[in-house]
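Thanks for coming. I have one model to go through today, and I will start with what sits around the ligand. Please look at the sequence and structure while I talk.

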Amino acid sequence: MSATPARSGAPAPAVSPAAARARQGARAAPVTPRRIVIMKLVVFVAALYPLGRLVFFGLSNRLGANPIEFITRSTGLWTLVFLCITLAVTPLRRLTGRTELVRLRRMLGLYAFFYGLLHFTTYFWFDQWFDVHAIYKDVLKRPFITVGFGAFVLLIPLAATSFQAAVRKLGRRWQTLHRAIYAIAILAILHFWWMKAGKHDLELPKIYATIVTVLLGFRLVWAVIARRKVALAKAAGPLKR
Ligand code: HEM
């Protein structure tokens, strides 16, 4: 076990950007732009699988006795899956040192929005037949719809500001805005949980709740450690003089 400089009372050594890069390089080989393009292409195509599966099932009459329910549930579940994968990017990057994973985050987040949009459109179109008043009443009446709707509404500004121009324009506010992904994940779990609780079938919601708890817990622990490091570095500061 290595003693941290802060614990031993010595000031924390400054790590130059070059040293940080060297340390990073020791953990993971640098990735060429070509490999990043290939990686993005593979993820882009793979993420179309849920849509392709629905189209294939639709064309071959395999959507079951209640196709609307099948499509609603399938798109709902895939929205949640993509939310979880998007949330997993940062922990994976930190654990593996593979910084290139960040290059996939925007695409994965947009896929979460895409499947969320399909999910909502199926409900809006085939379940409610564009009856805005009925939807309004449903959102107010059924808590699982209320939170699902909340999650989807929160996803809209994230998707709309996921492009480079918005990142530049919003500056620091962009990061604050995109922290809404945590609230979205929690609302999505509540939506799933309440829906399945009515059917006494909580097995899957429990699995997803655990995944989201671990992914958010990781960030919480990391934020606490980062704050502690800053506090310790500040406390060690006067020793330098
Ligand atoms: C981020 C947004 C959302 C996520 C992650 C999400 C996720 C889910 C999930 C996981 C399911 C259950 C799938 C299964 O049974 O395996 C589901 C079902 C459902 N969701 Fe969503 N949903 C979201 C937004 C919405 C919105 C905006 C609405 C409508 C206003 C909605 C309406 C429904 C309905 C009607 C069902 C099916 C209920 C049933 O079959 O009894 N969801 N959703």
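Helix 5 gives the most residues to the shell around the ligand, eight of them. Before I go further, a reminder that this is a predicted model.

The shell as a whole has 23 residues, and the closest to the ligand are G76, G148, A151, F152 and A188. Four elements give two or more residues each: helix 5, residues 67-96; helix 6, 105-127; helix 8, 143-160; and helix 11, 180-197. By class, the shell divides into 14 nonpolar, seven polar and two charged residues.

Now the chain overall. How many helices and strands are there in the protein chain? Twelve helices and zero strands. Along the sequence, the pattern is therefore α twelve times over, by the way these elements are assigned as DSSP runs. The protein chain has 241 residues, and 19% of them are buried. Take the contacts in the chain with a separation of 6 or more: 65% of those are between residues 24 or more positions apart.

Next, the nonpolar core. In soluble globular proteins, nonpolar side chains tend to be buried together. The largest nonpolar core here has 31 residues, and the ones that touch the most other members are F82, L83, A112 and A188. The elements giving two or more residues to this core are helix 5, helix 6, helix 8, helix 11 and helix 12, the last running 203-236. Which helix gives the most to this core? Helix 6 does, with eight residues. So A188 turns up twice, by the definitions of shell and core used here: among the closest residues to the ligand, and among the core residues touching the most other members.

L83 deserves its own slide. Setting aside neighbours within four places in sequence, L83 is in contact with A112, I184, A185 and A188.

That takes us to the pair formed by helix 5 and helix 11. Their axes come within 11 Å and cross at roughly 145°. The crossing of these two helices is left-handed. On the helix 5 side, the contact is made by L80, L83, T86 and L87. On the helix 11 side, I181, I184, A185, A188 and F192 take part. What classes do the residues of this contact fall into? Eight are nonpolar, one is polar and none is charged.

Two loop residues have backbone angles to point out. N61, in the loop between helix 4, residues 49-59, and helix 5, has a positive phi of about 55° although it is not a glycine. N61 is exposed because it has 8 other C-beta atoms within 10 Å, and the cut-off for exposed is 12 or fewer. H200 is in the loop between helix 11 and helix 12. H200 also is not a glycine, and its phi is positive at about 50°. Is H200 buried or exposed? Exposed, because H200 has 6 C-beta neighbours inside 10 Å.

Last, three helix residues, each with a partner far along the chain.

V37 is in helix 3, residues 33-46. V37 counts as exposed because 11 other C-beta atoms lie within 10 Å. Its C-alpha atom is separated by 9.6 Å from that of R103, 66 residues apart along the chain.

P143 is in helix 8. With 13 other C-beta atoms within 10 Å, P143 is partly exposed; that count is over the cut-off of 12 for exposed and under the 20 needed for buried. P143 and L190 are 47 residues apart along the chain, and their C-alpha atoms are separated by 9.1 Å.

R219 is in helix 12. R219 is partly exposed because it has 15 other C-beta atoms within 10 Å. In sequence, R219 and P91 are 128 residues apart; in space they are 7.6 Å apart, C-alpha to C-alpha.

To go back to the start: helix 5 gives the most to the ligand shell, while helix 6 gives the most to the largest nonpolar core. That is what I have; I will take questions now.

Technical notes:
Residues are numbered from 1 along each chain as its sequence is written. This is a predicted model: local features need pLDDT of at least 70, side-chain atom pairs count only at pLDDT 80 or more; totals for chains, interfaces and linings use all residues. A residue is near a molecule or strand if its C-beta atom, placed from the backbone, lies within 6 Å of it. Ala, Val, Leu, Ile, Met, Phe, Trp, Tyr, Cys and Pro count as nonpolar, Asp, Glu, Lys and Arg as charged, and the others, Gly among them, as polar. A nonpolar core is a set of buried Ala, Val, Leu, Ile, Met, Phe, Trp, Tyr and Cys residues joined through C-beta atoms within 7 Å. Two residues are in contact if their C-beta atoms, placed from the backbone, lie within 7 Å. Axes are lines fitted to C-alpha atoms, for helices over the stretch in contact, and angles run from 0 to 180 degrees between N-to-C directions. A crossing is left-handed if the near helix is turned anticlockwise from the far one by less than a right angle, and right-handed if clockwise.
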